[in-house]
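These are my notebook entries on a structure I went through element by element. I set down what I looked up and what I found.

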Amino acid sequence: MRLVQGIERCLALAEKAFLFIANSLLFAMLVINFINIASRLLFDKAIIWAFPLTGVFFVWVIFFSFFVIYRRGQDVAIDILTRRMPTRLRAATEAFVAVIVIALMVLVLAQAPVLVPRQVGTIDLIGIQRYWLAVPFFLSCFLIAIEFVLRLRGSIRAFLDIADDQKAVS
Amino acid sequence: MISFKRGLVLAAVALLVFPFSSAMAETWRMAHKQTAESIEGKMFQAFADKIGEKTGGDITVEVYPSEQLGKDDAILEQLQLGTVHLYPEGGAYLRKWVPDITFMSAPFLFQDRDHWSRFMASDLVAGWLEQIEAEAGITVIGDQTKMVRGPYRVMVTAKPVAGLEDIEGLKLRMHPNELAAAAWRHLGAEVRTLAWTDVYESIGRGIVEAVNSPIALVESMRFQEVAPNIVRHNEYPQGIAFMANARVWNGLDDETRGQILEAYNEVASEFAPMTAAIADEAIARMKETGVTYQEIDTAPIVAKMAEFYAEMDGKGELPEGFVSTVRATQVAQ
């Protein structure tokens with residue numbers, strides 16, 4: 001129980017950190033582009049790295065937000081059927097969905113050792129290796145997998161508790 | 001004596017075990033980013049058809065145009081994995097494995113296409129390509145200088161550019177490439193990085209005044225509508241590298257490789273004059289709408305760029321053996 005609470009605290013911390021990073025990157029994109037436009041307008045000089053850096057930050061914003069969105073349940077979910085299901089069946093469905101998500105994340109993470117070495121080459125005008133673009137994505141996938149392990153545990157417990165209640169009533 | 005039944009079993013086993021012997025047909029996938037109707041799209045299809053013809057149907061090539069199988073990086077990964085067999089594009093895309101290969105497109109360095117061809121046939125370039133094959137498992141088949149792209153590079157500008165003096169302060173769109181950006185800044189241009197698809201709108205709004213492009217793409221991008229001056233400057237010669245999965249290519253027997261290279265050379269010879277003719281037709285059409293076209297004297301630009309390369313060489317920023325190879329291939333002219 002203590003382990004679960006510890007993991008939950010870590011995930012909550014990661015959520016806050018990732019949200020802060022994503023917002024900071026978004027703000028940085030706005031500032032860089034504002035300065036670039038102002039510089040072009042006032043001094044007739046452009047910042048040459050503004051465009052490629054914006055591209056990198058944009059990718060990172062999406063990948064850092066990936067975990068936050070799933071953690072907060074702000075992803076697109078169709079629950080019109082599950083909401084009408086009996087509580088026990090709903091718990092079973094949620095457990096099934098969690099297993100699928102975990103399997104998918106494990107599949108993605110298993111590909112990381114193959115994909116990362118292929119994403120070589122310095123990004124021009126930025127100077128970082130291309131694989132850095134994908135690092136936040138793999139981090140998010142790892143955290144989503146952990147998040148859904150906890151959800152799976154919750155769904156199984158809910159399923160079993162309902163079964164016990166039903167037995168007690170009968 | 002082998003019984004009829006046993007014979008049948010042996011035949012079935014043989015079919016199961018050796019279903020794809022070298023004598024049997026193979027299907028290759030060629031991915032590219034051009035439309036099927038463009039001159040390059042037609043050239044790639046012609047090469048695919050010719051491979052089938054020359055190998056007597058042993059190899060059939062399916063062509064996937066318009067980035068149907070993904071963009072550059074995705075296709076290069078598929079090429080490494082062997083799910084895509086051929087990818088015709090600019091050789092500079094291979095710089096992610098060997099950054100020095102960027103210098104194949106060094107601006108205003110090569111005297112002409114022949115000089116560039118000799119440079120590309122040098123041991124230095126062969127070494128770069130060998131390194132890519134070892135690191136990435138991708139090889140370049142044929143002589144990429146024969147597959148003409150462009151066929152030459154121009155600058156499309158909102159205001160007339162007659163020579164080096166007009167480049168000073170010119171707001172020029174550039175792709176994110178350090179060498180190209182540094183070179184044009186050395187020539188005095190105010191370089192601005194923008195996406196290729198944003199150029200039309202950006203010229204219209206005055207964010208940039210000019211863009212460099214292969215002549216073949218000017219009309220299709222409609223740049224001349226917002227920048228009615230086309231200046232041929234021959235920034236650097238361009239060819240198309242047919243990148244192939246090295247394992248598949250090296251796994252072919254000599255005869256099949258020879259047949260494919262024969263197909264390559266025939267298609268290259270057939271399409272080089274067609275590419276030039278199409279460019280001439282496009283220029284004639286654009287001129288009718290009031291567009292000006294001129295070929296500028298690039299000697300002052302080349303002289304100024306010589307200072308740039310000397311400076312880079314002094315700082316040790318050029319690849320080892322680059323300057324000597326450029327000079328050696330120049331002398332041979």
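**Entry 1: Two residues of one helix**

I began with N36(A), which I found in helix α1 of chain A. The model is a predicted one, and I keep that in mind throughout. I asked whether N36(A) is buried or exposed. Its relative accessible area is 7%, so N36(A) is buried. I then listed its contacts, leaving out residues up to four places away in sequence: N36(A) touches K45(A), A46(A), I47(A) and A50(A). I also looked up how far N36(A) lies from Y131(A): their C-alpha atoms are separated by 27 Å, and the two residues are 95 residues apart along the chain.

Next I turned to E15(A), which lies in helix α1 (residues 2–43) of chain A. E15(A) has a relative accessible area of 12%, and because buried means under 20%, I recorded this residue as buried. With residues up to four places away in sequence again left out, E15(A) touches F67(A), V68(A), R71(A) and R72(A).

**Entry 2: Aromatic rings**

How many aromatic pairs does the structure hold over all chains? I noted 20 of them. In one pair, the ring centres of Y70(A) and F148(A) are 6.4 Å apart and the planes stand at 65°, so I entered the pair as edge-to-face. Y70(A) belongs to helix α2 (residues 50–71) of chain A and F148(A) to helix α4 (residues 135–169) of chain A, so this pair ties together parts that are 78 residues apart in sequence. I checked the accessibility of both partners. Y70(A) is partly exposed at 26% relative accessible area, whereas F148(A) counts as buried at 7%.

I then looked at Y131(A) and W132(A), which form a tilted aromatic pair, with 5.9 Å from centre to centre and 40° between the planes. Y131(A) is partly exposed, with a relative accessible area of 27%. W132(A) is partly exposed as well, with a value of 43%.

Ring pairs also link F63(A), F66(A), Y70(A), F137(A), F138(A) and F148(A) into a cluster.

**Entry 3: Arginines over rings**

I looked up where R88(A) lies with respect to F159(A). R88(A) lies over the face of that ring, at 4.3 Å from the ring centre. In chain B, R232(B) lies over the face of Y152(B), at 3.6 Å from the ring centre.

**Entry 4: Strands of chain B**

In strand β2 (residues 59–64) of chain B, I separated the two faces. I59(B), V61(B) and V63(B) make up the covered face, while T60(B), E62(B) and Y64(B) make up the uncovered one. I recalled that side chains in a regular strand alternate between the two faces of the sheet.

Strand β1 (residues 26–31) of chain B runs parallel to β2(B), and 6 bridges join them. Which residue of β2(B) is the bridge partner of A31(B)? I found Y64(B) in that role. Between these strands the chain passes through helix α2 (residues 39–54) of chain B, and this β-α-β crossover is right-handed.

I then traced an open sheet of 6 strands in chain B, with the order β7-β6-β8-β5-β9-β11 and mixed pairing. Its edge strands are β7 (190–193) and β11 (292–295) of chain B, each pairing on one side only. On average, neighbouring strands of this sheet are turned by 30° against each other, direction ignored. Within chain B, strands β6 (residues 171–174) and β8 (residues 210–214) run parallel and are joined by 2 bridges. The bridge partner of R173(B) in β8(B) is V211(B).

Conventions. Residues numbered from 1 in each chain as written. Chains lettered and ligands numbered in written order. Predicted model: local features only at pLDDT ≥ 70, side-chain atom pairs only at ≥ 80, totals over all residues. Heavy atoms only, no water. Buried < 20%, exposed > 50% of the residue type's maximum accessible area, 1.4 Å probe, protein only. Helix = DSSP H or I, 4+ residues; strand = E, 2+ residues; numbered from the N terminus. Pairing = 2+ DSSP bridges. Right-handed = clockwise from strand over helix to strand, strands pointing away. Axes fitted to C-alpha atoms, helices over the stretch in contact; angles between N-to-C directions. Phe/Tyr/Trp six-rings, centres within 6.5 Å; stacked < 30°, edge-to-face > 60°. Lys NZ or Arg CZ within 6 Å of the ring centre and 35° of its normal. Contact = heavy atoms within 4.5 Å.
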